Amino acid sequence: MTYALEAENVSKRFGNVEALRGVSAAFAAGEVTCVLGDNGAGKSTLIKILAGVHPPDEGTVKLEGRPTRFDSPRDALAVGIATVYQDLAIVPLMSVWRNFVLGNEPTRRVGPLRPLQVASARRTAVEEMRRLGIVVEDPEQPVGTMSGGERQSLAIARAIHNGAKVLILDEPTAALGVKQAGIVLRHIVMAKRRGLAVILITHNPNHAYPVGDHFILLQRGRKQADLRKGEVSLDDLMRSMAGGEDFRVMVEELNRGADGTDGTPRGQTG
């Protein structure tokens, strides 16, 4: 099988800190791959290697089966790898349509000038966002007045419109409530159905499991697990994220302390 994007035995160090060691991961078109792990697990380093921010110290990145090297995020974007970071790269005071075409503005040559085609840009923004199920009531609305989920959805729709084949989402639901997170997750599924390879970076298994087809768990820079949805339950993911056996032992110790079975009477210390 040829994957849209692969990392093969990738390692990365920053000084004395080993951020990744020998991590391999494959991302298929038409699937959502969830990369999970706590802070410091290596998630951010992995996506920055895939997005062209950092070159790997060891290992190979493959695009559709061919080894490749990205010298910058622009190189990755040029071949269809789009990354939506938590800051979204939007301008809050600009309108919805202006943010949608930001960096890819439609223009036409008029003598020595290249004026922006405003009507075309507005129409494109409204139509492309509607294709992803996002209804824009007023394309002149400043993006800063939109909800967090709506801003995430705008960034996703923009990446797809700009030709993304691989869509990397960095903790898109981290700061959202339940309803807004649901909106973003719905659009992630719609992106998958349009044939994109979606890479969802998250520390929340409750958000990953409903949309994920494939789960990669990182821990302290190493791959802890690589599982298909049929091989793992939500409870399994939650236990792995919580530290597995270590977490179970901790809970038992806390329970022993709570019921006094450790020999310390309730209400007393020391």
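I began with the rule for ring pairs: two rings of Phe, Tyr or Trp pair if their centres lie within 6.5 Å, and planes under 30 degrees apart count as stacked. With that rule in hand I searched the structure, which is a predicted model, and it holds one aromatic pair. The partners are Tyr 209 and Phe 215, whose ring centres are 5.6 Å apart and whose planes meet at 10 degrees, so I entered the pair as stacked. I then looked up the cover over Phe 215, which has 0% relative accessibility and therefore counts as buried.

Overall figures came next. I noted nine helices and ten strands in the protein, and a C-alpha trace that spans about 85 × 45 × 35 Å along its principal axes. Of the 270 residues, 41% are buried, and the accessible surface comes to about 14,200 Å², with 49% of that area belonging to carbon and sulfur atoms. For contacts between residues at least 6 apart in sequence, I recorded that 67% join residues at least 24 apart. On charge, I listed 34 positive and 31 negative side chains, with the centres of the two sets 7 Å apart.

I went on to the nonpolar cores. The largest has 46 residues, and the members that touch the most others are Met 129, Ile 156, Leu 167, Leu 169, Ile 188 and Phe 215. A second core, separate from that one, has 26 residues, including Ala 7, Phe 27, Ile 81 and Ile 168.

Two members of the largest core I followed up one by one. For Leu 167, leaving aside residues up to four places away in sequence, I found contacts with Ala 82, Val 84, Ile 156, Ala 159, Ala 191, Leu 196, Ala 197, Val 198 and Ile 199. Met 129 sits in helix H4, which runs over residues 118-131, and its relative accessible area is 0%, so I marked Met 129 as buried. With the same sequence neighbours left out, Met 129 touches Val 96, Phe 100, Ile 134, Val 136, Leu 154 and Ala 157. I also noted that the C-alpha atoms of Met 129 and His 161 are 8.8 Å apart in space, while the two residues are 32 apart in sequence.

His 187 was another entry, as a residue of helix H6 (residues 178-193). Is His 187 buried or exposed? At 4% relative accessibility I had to put His 187 down as buried, and its contacts beyond four places in sequence are with Leu 132, Gly 133, Ile 134 and Ser 153.

I then turned to helix H1, residues 43-50, where six of the eight residues are buried, so that this helix is largely enclosed by the rest of the structure. The buried ones are Lys 43, Thr 45, Leu 46, Ile 47, Ile 49 and Leu 50. Just after H1, I found Gly 52 with a positive phi of about 85 degrees.

My last entry concerns Arg 222, which lies in strand E10 (residues 222-228). Arg 222 has a relative accessible area of 43% and I logged it as partly exposed. Not counting residues up to four places away in sequence, Arg 222 touches Arg 21, Val 23, Ala 41 and Leu 217. Glu 18 lies 204 residues from Arg 222 in sequence, yet the two are 9.7 Å apart in space, taken from C-alpha to C-alpha.

Terms used
Residues are numbered from 1 along each chain as its sequence is written. This is a predicted model: local features need pLDDT of at least 70, side-chain atom pairs count only at pLDDT 80 or more; totals for chains, interfaces and linings use all residues. Side-chain values use heavy atoms; hydrogens and water are left out. Helices (H or I, at least four residues) and strands (E, at least two) are DSSP runs, numbered from the N terminus. Buried means under 20% relative accessible area, exposed over 50%, partly exposed in between (1.4 Å probe, protein chains only). Contact means heavy atoms within 4.5 Å. Accessible areas come from the Shrake-Rupley method with a 1.4 Å probe; for residues, only the protein chains shown count as cover. Lys and Arg count as positive and Asp and Glu as negative; His and the chain ends are not counted. The place of a charge is taken as NZ of Lys, CZ of Arg, CG of Asp or CD of Glu. A nonpolar core is a set of buried Ala, Val, Leu, Ile, Met, Phe, Trp, Tyr and Cys residues joined through side-chain atoms within 4.5 Å. Rings of Phe, Tyr and Trp (its six-membered ring) pair if their centres lie within 6.5 Å; planes under 30 degrees apart count as stacked, over 60 as edge-to-face and the rest as tilted.
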